[in-house]
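Work through the exercises below with the sequence and the model at hand. Each task is followed by a solution in steps.

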Amino acid sequence: MITPLTARLSYSENVFRRKLLDRIVAEGAPVRVADPSESAMVQALTGKGIIVCSSAGEVTFAYPVSALPTPHRVSLGDGRTFHAMCAVDAMGAAFTFGQDVTIESSCGHCRQKVRVKVVGGEIETLEPQGTHVLHLDLRRFRNWAAEC
């Protein structure tokens, strides 16, 4: 699926981004890219606001995955789990990974627990019922990875 994010990237950048996402999810921690050819790709994706690196050079965020703990936990249909950068990113993970997802989060205002299950790209379960999502118009921001 072509999204505004993936449309900003070349084919090789999209492939590399996907590898980074899978690696962060597998390791559950920030990742260091040691291969010199991949370092150039990290710089390109950082420049496009798709990933964020720590001062130590580790990839800490690769939209929508956070290598650092957040209140937004995503369980993929294939059994893998990870933290999302924000609640909206957690919901978008269904499309990023092309899988059903279950999201365990909490309201940013009152901290009430929220659970969302997305099946086939549609919300199947929403607890508590009546929960609303507020988000920014991401077309206004070039660096999605840092504006969340």
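**Exercise 1: A charged pair and its network**

Asp-22 forms a salt bridge with Arg-80, with 3.1 Å between the closest N and O atoms; a salt bridge here is a side-chain nitrogen of Lys or Arg within 4 Å of a carboxyl oxygen of Asp or Glu. The model is predicted: local features need pLDDT of at least 70 and side-chain atom pairs count only at pLDDT 80 or more, while totals for chains, interfaces and linings use all residues. Residues are numbered from 1 along each chain as its sequence is written, and side-chain values use heavy atoms, with hydrogens and water left out.

Task: state where the two partners of the Asp-22 and Arg-80 salt bridge lie, and find which residues share its network.

Solution.
- Step 1. Asp-22 is in helix H2 and Arg-80 is in the loop between E5 and E6, 58 residues apart, which links distant parts of the chain. Helices (H or I, at least four residues) and strands (E, at least two) are DSSP runs, numbered from the N terminus.
- Step 2. Asp-22 is partly exposed at 26% relative accessible area, and Arg-80 is partly exposed at 26% as well. Buried means under 20% relative accessible area, exposed over 50%, and partly exposed in between (1.4 Å probe, protein chains only).
- Step 3. Arg-80 also meets Asp-78 in a salt bridge of 2.9 Å, N to O.
- Step 4. Salt bridges with shared partners join Arg-18, Asp-22, Asp-78 and Arg-80 into one network.

**Exercise 2: A pair inside one helix**

Task: how many residues apart are Arg-23 and Glu-27 in helix H2?

Solution.
- Step 1. The closest N and O atoms of the Arg-23 and Glu-27 salt bridge are 2.9 Å apart.
- Step 2. Both residues lie in H2, four residues apart, about one turn of the helix.
- Step 3. An α-helix has 3.6 residues a turn, so residues three or four places apart point the same way.
- Step 4. Arg-23 is partly exposed at 31%, and Glu-27 is partly exposed at 45%.

**Exercise 3: The nonpolar core**

Task: which element gives the most to the largest nonpolar core?

Solution.
- Step 1. The largest core has 30 residues, and those with the most contacts inside it include Leu-20, Phe-82 and Phe-97. A nonpolar core is a set of buried Ala, Val, Leu, Ile, Met, Phe, Trp, Tyr and Cys residues joined through side-chain atoms within 4.5 Å.
- Step 2. Among the elements that give two or more residues to this core are helix H2 (11–27), helix H3 (36–47) and strand E6 (81–84).
- Step 3. H2 gives the most, with five residues.
- Step 4. Beyond its neighbours within four places in sequence, Phe-97 is in contact (heavy atoms within 4.5 Å) with residues including Leu-21, Asp-22, Arg-80 and Phe-82.

**Exercise 4: Two sides of H3**

Task: are Met-41, Val-42 and Leu-45 of H3 buried or exposed?

Solution.
- Step 1. Met-41, Val-42 and Leu-45 are buried.
- Step 2. They lie on the same side of H3, because they cover an arc of only 105° around the axis; the arc is that of the directions from the helix axis to the C-beta atoms.
- Step 3. Pro-36, Gln-43 and Gly-47 are exposed on the other side of H3.
- Step 4. The cover over the buried residues of H3 includes H2, strand E2 (51–53) and E3.
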